[in-house]
Amino acid sequence: VSRHLDGTTVDRDNFDSEGGFFRDNFLPGAVCPINKKLIFLFDEFDVLDRPYKGQVGATFLPYLRRWVARTCDVHFVLAMGRRPDELSTQMLNTFQDAQTRHVSMMDIPESLGIVRQSEQNHTLYWSDSGINRICYWTQGHPYLTQLLSSEVWEMLYDEDPKEPPTATADDVDLAIEATLEQGANAFQWIWNGLTPAEKLALSAMASTGKSTVSRRALRYRGAGKFRRELEMAPESLLKRDLLRRSAEGYRFAIPLLQRWIMENKPVGRVRADLENLRPQAESLFREAKNSFALGDLNDAEMRVRHALAIDPNHVRGRLLLGRIHLSNGNQAEAVSVIESAYRSD
């Protein structure tokens, strides 16, 4: 911050482990006199709301809440991978006055801005068919658009061309496997953010090999004890920009993700993993219930939210979370949670 504002150095000995000097002395002294605004970006901020990060959230969130209340031209952008209704009460209370914006995928002109960067430096040109194929596979997902374009560039330059080559649709398709390999961490990150039922729904859809899947076919492929979860999952996947509605039912928003799931997350394996997760959710629910009976509401909420992260359709867990909200005086949150339990059962 100091280098960005005036280039001076700061005495590290002044800073305390509680963050008081930074918040109350350094920032006001650095920002207020220059009549400018300072913006902090916290990426993947919702990791602080995970059950295993409870102590971090318990100390840092109150600190940040006090900080926000007294800032002098200091602003915050918090990037999260989860929707507001998936966050804990503590997190929501910390930022109850914050404005929220849903960041979706890019439109076609924005995507072309990424793909055609190679044309600006005259290293790779794109045919119309190549451009259309990139747009088909990535559908405007920023990182995947960049990654696939880069893999096409690398593949064509492996042939040591004498002149800047021109990429075609066939070249894009040939680069898919390398893109899936290089982007494995990104695909796994998307996958890890899904609920078990959402994972099963996407795996069942991908296993059909079809571009669109009807509700009926989806229920059939996940028939049995997971039918109810599968019926609910598509709506949440629509909100996550991972599915799109079609005349026949649903389709993958990102065909490249469908290809990765088809190759790496077969439905049989996902169904088996889901079976193994349910005992964990039940155990966490019982622990939360005991904490609630002992009056430790914070521990009870942390454990029941962990259980619901594993099994979002654990009805007794949702009812317990509703009781915890009532005990904390959060009637509106309690109503929302209990209504969601009613809708699922």
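**A quick walk through the model**

Let's start with His122, which sits in the loop between helix H6 (117-120) and strand E3 (125-126). Before I go on, keep in mind that this is a predicted model. His122 has a phi near 60°, so a positive value, and that in a residue other than glycine. Why mention it? Well, most residues other than glycine have a negative phi. His122 is also out in the open: its relative accessible area is 52%, and exposed means over 50%, so it counts as exposed.

There's another residue of this kind, Asp241. It isn't a glycine either, and its phi is positive, about 65°. You'll find Asp241 in the loop between helix H14 (227-239) and strand E6. Is Asp241 buried or exposed? Its relative accessibility is 12%, and the cut-off for buried is under 20%, so Asp241 is buried.

Since that loop leads us to E6, let's look at the sheet. What is the strand order here? It goes E5-E7-E6, an open sheet of three strands with antiparallel pairing. Strand E5 (212-213) and strand E6 (243-245) are the edges, each pairing on one side only. Helix H12, residues 196-207, packs on this sheet and touches E5, E6 and E7. If you compare directions, H12 makes about 90° with E7. As for how the strands are joined, E5 and strand E7 (residues 250-252) run antiparallel, with two bridges between them. Want a residue to click on? Take Val213, whose bridge partner in E7 is Tyr250.

H12 and E7 come back in the next stop, helix H15, residues 255-264. Several residues of H15 are buried: Pro255, Leu256, Leu257, Gln258, Trp260 and Ile261. And what covers them? The cover includes E7 and H12, along with helix H7 (128-138), helix H8 (142-157), helix H10 (176-182) and helix H11 (184-192).

Next along the chain is helix H16, which covers residues 267-293 and contains Ala272. At 36% relative accessibility, Ala272 counts as partly exposed. Now compare Ala272 with Leu200: the two are 72 residues apart in sequence, and their C-alpha atoms are 10.0 Å apart in space.

Here's another pair, Asp170 and Asp299. They are 129 residues apart in sequence, and C-alpha to C-alpha the distance is 55 Å. Asp170 belongs to helix H9, residues 169-174. With a relative accessible area of 56%, Asp170 is exposed.

Over to Asn330, in the loop between helix H18 (315-327) and helix H19 (331-344). Asn330 is buried, because its relative accessibility is 16%. Which residues does Asn330 touch, if we skip those up to four places away in sequence? Those are Thr89 and His325.

Last stop, the surface. Ile39, Leu41 and Val77 form a nonpolar patch there, and together they have about 310 Å² of accessible area. Ile39 is part of strand E1, residues 38-42. Its relative accessibility is 59%, so Ile39 counts as exposed.

If you remember one contrast from today, take the two residues with positive phi: His122 is exposed, whereas Asp241 is buried. Thanks, and happy to take questions.

Technical notes: Residues numbered from 1 in each chain as written. Predicted model: local features only at pLDDT ≥ 70, side-chain atom pairs only at ≥ 80, totals over all residues. Heavy atoms only, no water. Patch = residues over 30% accessible without salt bridge, like charges linked within 9 Å, V, L, I, M, F, W, Y side chains within 5 Å. Areas by Shrake-Rupley, 256 points an atom, 1.4 Å probe, with all protein chains shown as cover. Salt bridge = Lys/Arg side-chain N within 4 Å of Asp/Glu carboxyl O. Helix = DSSP H or I, 4+ residues; strand = E, 2+ residues; numbered from the N terminus. Buried < 20%, exposed > 50% of the residue type's maximum accessible area, 1.4 Å probe, protein only. Pairing = 2+ DSSP bridges. Contact = heavy atoms within 4.5 Å. Axes fitted to C-alpha atoms, helices over the stretch in contact; angles between N-to-C directions.
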